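Open the model in your viewer and keep the selection box within reach. We will go from stop to stop, and at each one you will hear what to select and what is there.

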Amino acid sequence: MNMKWNYTIKTFTVMFGLAAILTACGGAAKETSSSPESASGTEVVSSETSSSNAAVTETAATGSNGSEQTGSATEESSSTDEGKIGKDSTLDELKQQYADKLGYIRIPLNDHPVRRVSEEGSKNINVANYSDAVVDMNAGVPIHSDSQRLIDDAFPFFTTVQAPDESYITWEEATNLERAMVKTLFIAREGLLITEDAMKNKDYSSTSFQDSKDFFRVTAKFESMAPVAQHPRDITLSTLYDKARTSWGKLAAMDPEQDEAAFAEMYKTTRIDANNAMGLLNVLLSTNEEERVEEIYGKE
């Protein structure tokens with residue numbers, strides 16, 4: 001399956017603040033008030049087993065900077081290698097080999113990003129993705145092509161394009177999860193625009209619409225694993241992403257030609273959930289995130 005995203009399908013002009021992201025897919029609702037802490041040329045991998053923020057059992061573990069980690073699977077250690085997911089590592093090894101100056105563990109995609117992490121004194125094994133992309137848990141590869149071109153288009157879109165008067169962190173300063181969300185949500189946004197066009201035209205036969213459904217289906221799969229949280233602000237972003245991709249999976253499972261009204265209703269929910277995640281992403285990438293979180297979402 002080759003998916004060529006053409007982000008000139010729709011162009012959104014004057015945008016400001018959070019409202020920019022919340023209207024980017026045609027919706028302006030903010031469903032959550034939780035206080036958190038040009039992809040043209042992008043291809044989606046046709047994978048029947050692609051990876052989630054939760055795998056076998058969702059858990060929390062201590063991260064490299066002492067914050068809670070989510071997005072890892074936990075299982076009891078076993079004497080057999082059969083059926084194991086990820087490369088065996090200890091947390092100390094990962095810190096020593098892969099931690100950057102900010103303390104984030106960043107494993108390149110070509111170096112087994114999914115790890116089975118053990119800690120001294122614990123029998124549990126945490127299976128976690130330490131790359132900056134959503135990956136297939138079993139294969140350890142991104143669920144879509146991961147290119148510099150995608151980053152060059154998507155990162156400005158979720159920062160300066162949305163709220164040009166704000167100041168933002170650099171790509172190098174973003175957490176693994178934030179980077180993965182920049183890529184995945186940018187592609188998802190294009191999929192929602194393609195879906196909206198198909199609904200307006202009542203034409204669901206195009207390759208782009210079918211590829212959009214495939215992307216949503218793959219992203220929602222159990223095995224599609226987002227990067228493990230390594231910062232407190234990652235927790236809420238992870239929660240909103242999980243909600244969005246759950247909606248994507250439900251939308252992808254529906255046949256609009258059988259029940260257009262039900263499909264349209266599900267699309268509204270999907271759009272709102274995606275907008276909420278995209279709105280939070282813009283806030284978290286700003287240098288004054290705490291101030292903006294309080295202003296938009298309220299105090300805890």
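The tour below goes through a nonpolar core, aromatic rings, a helix pair, two buried residues and a few backbone turns. Please keep in mind that this is a predicted model.

**Stop 1: the core**

Begin by selecting F158, M181, V182, L185, W248, L281 and L285. In the largest nonpolar core, which has 51 residues, these touch the most other members. Now show the helices that feed this core: α3 (148-157), α4 (176-201), α5 (207-220), α6 (232-252), α7 and α8 each supply at least two of its residues. Which helix gives the largest share? Colour α4, which contributes twelve residues.

A general remark fits here: in soluble globular proteins, nonpolar side chains tend to be buried together.

Next, select I105, I107, A128 and Y130. They are among the nine residues of another core, which lies apart from the largest one.

**Stop 2: aromatic rings**

Switch to the rings, where the model has ten aromatic pairs. Select Y204 and F209 for one of them: this pair is tilted, with 5.4 Å centre to centre and 55 degrees between the planes. Are these two residues buried or exposed? Y204 and F209 are both buried.

Then move to F215 and F216, another tilted pair, with the ring centres 6.0 Å apart and the planes at 55 degrees. F215 has a relative accessibility of 1%, so it counts as buried. F216 is also buried, because its relative accessible area is 1%. Add Y241 and W248 to the selection, and you have a cluster of F215, F216, Y241 and W248 linked by ring pairs. You have already met W248, one of the core residues that touch the most other members.

**Stop 3: helices α7 and α8**

Select residues 260-284 for α7 and residues 289-297 for α8. The two helices pack at an angle of about 145 degrees, and their axes are 8 Å apart. To see where they meet, show N276, G279, L280, N282, V283 and L284 from α7 together with E289, R292, V293, I296 and Y297 from α8. Coloured by residue class, this contact comprises six nonpolar, three polar and two charged residues.

Stay with α8 and pick its buried residues, which are E289, R292, V293 and Y297. Why do they sit on the same side of α8? They do so because the arc they cover around the axis is only 105 degrees. Now turn the view to the face directed away from this buried side, where you will find the exposed residues E290, E291 and E295.

One step past the end of α8 is G298, whose phi is positive, at about 90 degrees.

**Stop 4: two buried residues**

Select T159, in the loop between α3 and α4. Its relative accessibility is 3%, so T159 counts as buried. Which residues does T159 contact, leaving aside neighbours within four places in sequence? Show Y168, N282 and L285 to see them. You can also draw a distance from the C-alpha atom of T159 to that of V182: the two residues are 23 apart along the chain, and the separation is 9.7 Å.

Now go to R179, in helix α4. With 10% relative accessibility, R179 is counted as buried, because the cut-off is under 20%. Beyond its neighbours within four places in sequence, R179 is in contact with R106, D132, W171, E172 and A174. Draw one more C-alpha distance, from R179 to I151: these residues are 28 apart along the chain, and 8.5 Å separates the atoms.

**Stop 5: positive phi in two loops**

The last stop is about the backbone. Most residues other than glycine have a negative phi.

Select H112, which is not a glycine and has a positive phi near 55 degrees. H112 is in the loop between α2 (91-98) and β5 (114-118). Its relative accessible area is 48%, so H112 is partly exposed.

Finish at K202, in the loop between α4 and α5. K202, again a residue other than glycine, has a positive phi, near 50 degrees. Is K202 buried or exposed? K202 is exposed, because its relative accessible area is 57%.

Conventions. Residues numbered from 1 in each chain as written. Predicted model: local features only at pLDDT ≥ 70, side-chain atom pairs only at ≥ 80, totals over all residues. Heavy atoms only, no water. Axes fitted to C-alpha atoms, helices over the stretch in contact; angles between N-to-C directions. Helix = DSSP H or I, 4+ residues; strand = E, 2+ residues; numbered from the N terminus. Contact = heavy atoms within 4.5 Å. Nonpolar A, V, L, I, M, F, W, Y, C, P; charged D, E, K, R; others polar. Phe/Tyr/Trp six-rings, centres within 6.5 Å; stacked < 30°, edge-to-face > 60°. Buried < 20%, exposed > 50% of the residue type's maximum accessible area, 1.4 Å probe, protein only. Core = buried A, V, L, I, M, F, W, Y, C linked by side-chain atoms within 4.5 Å. Arc of directions from axis to C-beta.
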